[in-house]
Amino acid sequence: MQRKKLLVLVPIIDEDFVLLKELANEYDVIKKADFNGCVEDVEIVYGWDSELNLKLVTSPSNKIKWIQAQSAGIDHIDTTVLKEQGILLSNGSGVHGNQMSESVLGMLFAYTRGIKSAVLNQEKATWAIPDKQTDLVGKKVMILGTGHIGARLAEVLKVFQTYLVGVNRSGKPVANFDKMIQQDQLDTVLSEMDIVINLLPDTTVTHHFFTEELFSVMKKGVIFINVGRGGTVKTDDLVIACQNGTIGFAGLDVFEEEPLPKESPLWQLDNCLITPHSSGMTDKYFERLFPIFKTNLEVFLQTGKISENEITL
């Protein structure tokens, strides 16, 4: 009888790989590079590879019981197939807070402290003293999405003595926010905000959440940061808001179409900073992901269930 397999599709250090083999001693623990393509005995998959995972879950002989994805967002995963087969799915929520908070700070400082213009001027050997700079102290900041990332970002921004408004579906209090509101209460305070930061996922409820209608309610010259999902913002309306000064500065890491097409007007706008969907990247990413998988694995081996970051399908 063939032994069950645990397939590792993400980078893993030797020490953690040995630990997996010790914990799951009834399984053959196999790295992607050593996988022979035989899907019949794979029960656990650590990581998501679109082509390989699709092959695994659609095989008539597959025995997969649980997949631990490395990303927080799961919009790239066909969850319908997993639900039909009763496959458990967990995500990487919780590993992005530090690096994404730092990316947001970088975007903010690029504008408020004139870093972007200084870099551009340096390339031209131009000594140009900015005519206008500001700082974060006393700024009113709205963060849409108050999960792991939003909570960490609020903790970081609180150091700069900002006034923080959090937006979530329930209005439930979250540490470091001065005020919490529900999404349907947005219009009551949006016009007062100096900075609006989008962390929303792209769902049927939030797709094109930011449109001309919502931008028009914002304070003239608002700073708008999008590190959530590109589909939550209607691109054409964003372009217009940046062009007409409704948005004074936009820090954009995600887009409706990625890579952002070369012909997009966003590339040409001086008041935009574009990064290539990289705000969640860090050399410590998989180091932070492994404890989530390890905890889930220990529970799964005992109960057949998982305890961290389970996605309801």
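Which residues touch the most other members of the largest nonpolar core? Select Met 142, Phe 210 and Phe 224: these three do, in a core of 31 residues. Keep in mind that this is a predicted model.

**Stop 1: the core**

Now colour the elements that give two or more residues to this core. The strands are S6 (140-144), S7 (163-168), S10 (222-226) and S11 (247-252). The helices are H7 (212-215) and H8 (235-243). H8 gives the most, with four residues.

Next, zoom in on Phe 224. Leaving aside neighbours within four places in sequence, Phe 224 is in contact with Phe 210, Phe 215 and Phe 249, among others. Its contacts also include Val 196, Asn 198, Met 218, Val 233 and Leu 238. Show Ile 247, Ala 250, Gly 251 and Leu 252 as well; they too contact Phe 224.

**Stop 2: a helix pair**

Move to helix H4 (residues 97-112) and helix H6 (residues 148-158). They pack at an angle of about 50 degrees, and their axes are 9 Å apart. H4 is therefore oblique to H6. The crossing of H4 past H6 is right-handed.

Show the side chains between them. From H4, pick Gly 97, Asn 98, Met 100, Ser 101, Val 104, Leu 105 and Leu 108. They meet Ile 149, Arg 152, Leu 153, Val 156 and Leu 157 of H6. By type, the contact has eight nonpolar residues, three polar and one charged.

**Stop 3: a lysine**

Finish at Lys 5, in strand S1 (residues 4-8). Is Lys 5 buried or exposed? Lys 5 is buried, because its relative accessible area is 7%, under the 20% cut-off. Beyond residues up to four places away in sequence, Lys 5 touches Asp 28, Asp 41 and Glu 43. Add Tyr 27, Ile 30, Val 42 and Ile 44 to complete the set.

Notes. Residues numbered from 1 in each chain as written. Predicted model: local features only at pLDDT ≥ 70, side-chain atom pairs only at ≥ 80, totals over all residues. Heavy atoms only, no water. Core = buried A, V, L, I, M, F, W, Y, C linked by side-chain atoms within 4.5 Å. Buried < 20%, exposed > 50% of the residue type's maximum accessible area, 1.4 Å probe, protein only. Contact = heavy atoms within 4.5 Å. Axes fitted to C-alpha atoms, helices over the stretch in contact; angles between N-to-C directions. Parallel < 35°, antiparallel > 145°, perpendicular 65-115°, else oblique. Left-handed = near helix turned anticlockwise from the far one by under 90°. Nonpolar A, V, L, I, M, F, W, Y, C, P; charged D, E, K, R; others polar.
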